[in-house]
Amino acid sequence: MSDVTRAKNGRPVHHWRRDVIELAALFTAVAVADAVANLIGHGPDGPQLLLVSAAVLIATAAFHVWWARRHGHAPPADDTGARSAAERTGPSEVASGESTLWRMRTTVKDAPGSLAALCTALAELRVDILSLQTHPLGDGTVDEFLLRAPGELAAAEITRAVSLAGGTSTWIERADTHDLVDAPTRVLGLATRTALDAAELPLALRQLLGRCTIRQLPGAPVAGRAPQGVPVEGVLEDTVMRLRAPEGGVITVERPYLPFTPTEFARARALVELDARLGPRVPAGEDVLTLPEGSDITVRRAEPRDVEAAKAMHERCSTRTLSRRYHGPVGDADRYLNHLLSPRYGRTLAVQTASGRIVGLGHLLWDGDETEVALIVEDAWQRRGIGGELLRRLVRMAESAGCASVYAVTQASNTGMVAAMRGLGLPLDYQIEEGTLVITARLAAPPRAELEAVTQHIGLPQRG
C-alpha cells in the first residue's frame with residue numbers, strides 16, 4: 001500500500017521506506033498467524049480457543065471506541081456538521097449575508113395594539129423592520145414596511161403571518177437598496193429634480209408612486225376657462241388619480257395592482273403644484289463637438305422656443321427623411337414639434353452649427369411605462385456620426401432615469417437608424433408591427449444610490 005503525495009511542483013513523491021516497513025510487517029503477521037493456527041488447530045481444544053480469541057478482540061475494540069469518545073478524542077455522536085447557519089455564524093452574519101429586502105403594505109384596524117401584533121408576528125419570523133410609513137384611512141391605517149428577512153423565508157410565509165396578526169389587503173414585492181432612503185429624503189430629492197428640470201415631473205411621480213403608468217392629455221378649454229372634469233385639487237379614484245397639469249391638461253396616473261392612499265395623492269399633488277409655480281424650465285448646458293471632417297457642432301437641450309428653428313430644418317429636409325422620421329404625411333411633420341419640444345413629454349437634444357442653425361434633433365419620449373427614442377438629421381449633415389452621437393446621449397439619459405429599455409420605431413430600409421441602434425452594443429430585440437420595424441434595446445441602469453442620482457441625473461450627460 002503505497003502512500004503517494006504531491007510536492008509543490010505537482011510531481012508525485014513515493015515514500016518507499018514506509019512501503020518496505022509495511023510489507024515486512026505484513027509478511028511477519030502472516031507467518032505468526034500460520035504458526036498459531038497450526039499450533040491451536042491441531043490441539044484438542046483448538047476451535048474453542050479460536051472463538052474465545054475472537055470474542056476478546058471484539059471486546060477490546062469496543063472498549064477502545066468507548067475510551068476514545070469518553071475522553072474527547074472524537075466528535076460527539078450527535079454532531080454531524082448539519083447545524084444551521086444561525087448556530088454556526090450567529091444571527092447578525094446570517095442577516096447580512098443571506099437576507100432579502102421586501103416592501104410590504106397592509107391594512108390594519110385603527111385600534112391600540114394592532115401595529116404591535118403585526119410587529120410581533122414579524123419578529124417571530126426573524127424579520128427586521130427597517131422603516132415604517134403610516135397612511136391613515138377612514139376606518140383603518142395602511143402600514144408600509146421596508147423589511148429585511150432571512151433569505152430562505154418566502155413571501156407567502158410573511159403574508160400568512162401578517163394575515164394571522166390582523167393585516168388585510170396585504171401586498172408585498174422585492175425591494176432594493178434604493179428603498180433604504182427614508183421617505184422625507186426621497187420626497188425632497190424628487191422635488192429638487194423637478195425644480196431644476198420640467199422634464200423630471202413624470203419620472204419623479206413614477207419614483208414616488210412605484211410602478212405606475214403616467215399619461216398627460218392636452219386640455220380642452222371652453223370659452224377661455226379651465227378644462228372641465230378635473231378640479232384644481234385633483235381627483236382620486238382608488239387605483240387612478242387625475243391631476244391638473246400646469247399647461248391646463250390632465251395628468252393621469254394609474255396603478256392597477258395597488259390602490260393609492262390619500263397620503264400618496266397629497267404628495268403627488270404637491271409635486272405638480274411645485275412644477276406649475278416654477279413654470280417651463282430647461283437646465284442650461286451644452287457640449288461643443290468636432291466632427292471627423294473638422295466642423296464644430298453644439299449639442300444642447302432643446303426647448304419650446306426652438307420650434308421655429310426646427311420648422312426651418314424641416315423645410316431643408318427631403319421628403320424621404322421626413323417620412324422615415326414621422327411615418328405619416330410629410331405635411332403634418334411641423335404639427336408634432338410643439339409636443340416633441342415640450343419638456344412635459346420627455347427630453348430633446350438639439351444639434352446646431354456655429355451659425356446657430358439646428359441640423360438635428362434627438363427625442364427621448366416618455367410613453368406610459370415605456371421610453372421611445374427618435375432621431376432626425378438634416379440631409380446635408382447625415383453620415384457624419386451625428387445620429388449615433390445623439391442616440392448614445394439619449395440612451396445615457398434613459399439609463400440615468402432608471403429606464404429598463406428604449407425602443408425606436410423605424411423602417412427596415414432605414415439602414416442609418418438600424419446601424420445606430422446596433423452601434424450601442426446593447427442587447428436588441430426586433431419586431432415587425434404593421435409594416436414598421438420596432439427595435440428595443442435593453443439597458444443596464446447604473447447601480448448607484450438614489451441621492452447620487454439626484455445630482456447626476458440633471459441636464460446633459462456631459463457638460464461643456
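## The second largest pocket

Let's start with an open space: 33 residues line the second largest pocket, and those nearest its centre are V377, Q382, N414, G416 and M417. Two or more lining residues come from each of these elements: α11 (319-326), β15 (370-377), α13 (386-400), β16 (405-410) and α14 (415-422). The model you are looking at is predicted, and in it this second largest pocket holds about 690 Å³ of space.

Which element gives the most to this lining? That is β15, with 6 residues in the lining of the second largest pocket. As for chemistry, the walls of the second largest pocket are a mix, with 13 nonpolar, 12 polar and 8 charged residues.

## The enclosed cavity

Now for the closed kind of space. Rolling a probe the size of a water molecule over the atoms shows where empty space is left. Searching the whole structure turns up 1 cavity of 30 Å³ or more. The volume of the largest cavity is about 30 Å³.

If you would like to find the largest cavity on your screen, look for its lining residues: V282, R301, A302, L340, L341, S342, P343, G346, R347 and T348. Strand β13 (residues 346-352) gives the most to that lining, with 3 residues. Sorted by class, the lining of the largest cavity has 5 nonpolar residues, along with 3 polar and 2 charged ones.

## Two linings to keep in mind

To recap, β15 is the top contributor to the lining of the second largest pocket, while strand β13 has that role for the largest cavity.

Note on methods. Residues are numbered from 1 along each chain as its sequence is written. This is a predicted model: local features need pLDDT of at least 70, side-chain atom pairs count only at pLDDT 80 or more; totals for chains, interfaces and linings use all residues. Side-chain values use heavy atoms; hydrogens and water are left out. On a 1 Å grid over the protein atoms alone, a cavity is a set of points where a 1.4 Å probe fits but cannot get out, and a pocket is an open set with protein on both sides within 12 Å along at least five of seven lines; lining residues have an atom within 4 Å of a point. Grid points are joined across faces, edges and corners, and a volume is the space filled by probe spheres set on the points. Helices (H or I, at least four residues) and strands (E, at least two) are DSSP runs, numbered from the N terminus. Ala, Val, Leu, Ile, Met, Phe, Trp, Tyr, Cys and Pro count as nonpolar, Asp, Glu, Lys and Arg as charged, and the others, Gly among them, as polar.
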